[in-house]
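Dear colleague,

I am handing over the structure we spoke about, and I would be glad if you looked through it before reading my notes. What I found in it follows below.

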Amino acid sequence: MLSLINRLNAWIGKSVSWLTAVLVVLVVSEVLLRAFFNYGQAWMRELQWQLFALVFLLGAPYALQQNRHVRVDLFYERFSPRQRAQVNLVGSLLFLIPWCLVLIWFGSQFAYEAYLLGEASADVGGLPTMVPIKIALPLAALLLFLQAIAQVILAWRALKQAEL
């Protein structure tokens, strides 16, 4: 299970990283169109923030897996491997997993309501639907939840090995 979770989040994380290149091309294109032709479209701006959101949301589980996430390292870097495992275990169980479950629950309701309402952009010329980006929130929370489970397993194994 651990290997499957890690492979899944690594594949998704690496895949969405390519959206950054698409985002750069889109931003540069819009800037050039605005600067030289006084032309801009609402869908371009919306697509930019949605691509950024996808990179951020779907890249977070991979960042956690690679230990590249934001953490207050004031003390953590000086901890022994056993102490780090304890922090990872407690932090995942008390904070990360419950927060992921909240996001999955409320994010799913949020996405479902958007689907039922056929939610589209409020801007004229905006994207025809907001449902995919709304689905990204509970999906990202689910992937982060799975990675948190993997982190718990790794921390537990590290604590057991430290006892030997």
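Is G59 buried or exposed? Before answering, please keep in mind that this is a predicted model, and that everything I describe below was computed from it.

G59 has a relative accessible area of 17%, and because the cut-off for a buried residue is under 20%, G59 counts as buried. As for where this glycine sits, G59 belongs to helix α2, which covers residues 42-65. Two of the residues in its surroundings can be named as contacts, since G59 touches V16 and L54 when residues up to four places away in sequence are not counted. It is also worth finding G13 on your screen, for G59 and G13 are separated by 46 residues in sequence, and yet their C-alpha atoms are 4.7 Å apart in space.

The next thing to look at is how the helices pass one another. Two packed helices are described by the angle between their axes and the distance between the axes. For helix α1 (residues 2-37) and α2, the axes come within 8 Å and cross at roughly 155 degrees. Because an angle over 145 degrees counts as roughly antiparallel, α1 is roughly antiparallel to α2. The crossing of α1 and α2 is left-handed, and the residues of their contact divide into 19 nonpolar, eight polar and four charged.

A second pair can be read in the same manner, namely α4 and α5, whose axes come within 7 Å and cross at roughly 160 degrees. That angle makes α4 roughly antiparallel to α5. Here, too, the crossing is left-handed, and the contact of α4 with α5 is made up of 29 nonpolar, six polar and three charged residues.

Finally, please turn to the largest nonpolar core, which has 11 residues, among them L64, A85, L89, I97, F145 and V152. The elements that give two or more residues to this core are α4, which runs over residues 81-117, and α5, which runs over residues 131-163. Of these, α5 gives the most, with six residues. If you would like one residue to start from, I suggest V152, which is part of this core and which touches L89, S92, L93 and I97, again without counting residues up to four places away in sequence.

With best wishes

How values were computed:
Residues numbered from 1 in each chain as written. Predicted model: local features only at pLDDT ≥ 70, side-chain atom pairs only at ≥ 80, totals over all residues. Heavy atoms only, no water. Core = buried A, V, L, I, M, F, W, Y, C linked by side-chain atoms within 4.5 Å. Buried < 20%, exposed > 50% of the residue type's maximum accessible area, 1.4 Å probe, protein only. Helix = DSSP H or I, 4+ residues; strand = E, 2+ residues; numbered from the N terminus. Contact = heavy atoms within 4.5 Å. Axes fitted to C-alpha atoms, helices over the stretch in contact; angles between N-to-C directions. Parallel < 35°, antiparallel > 145°, perpendicular 65-115°, else oblique. Left-handed = near helix turned anticlockwise from the far one by under 90°. Nonpolar A, V, L, I, M, F, W, Y, C, P; charged D, E, K, R; others polar.
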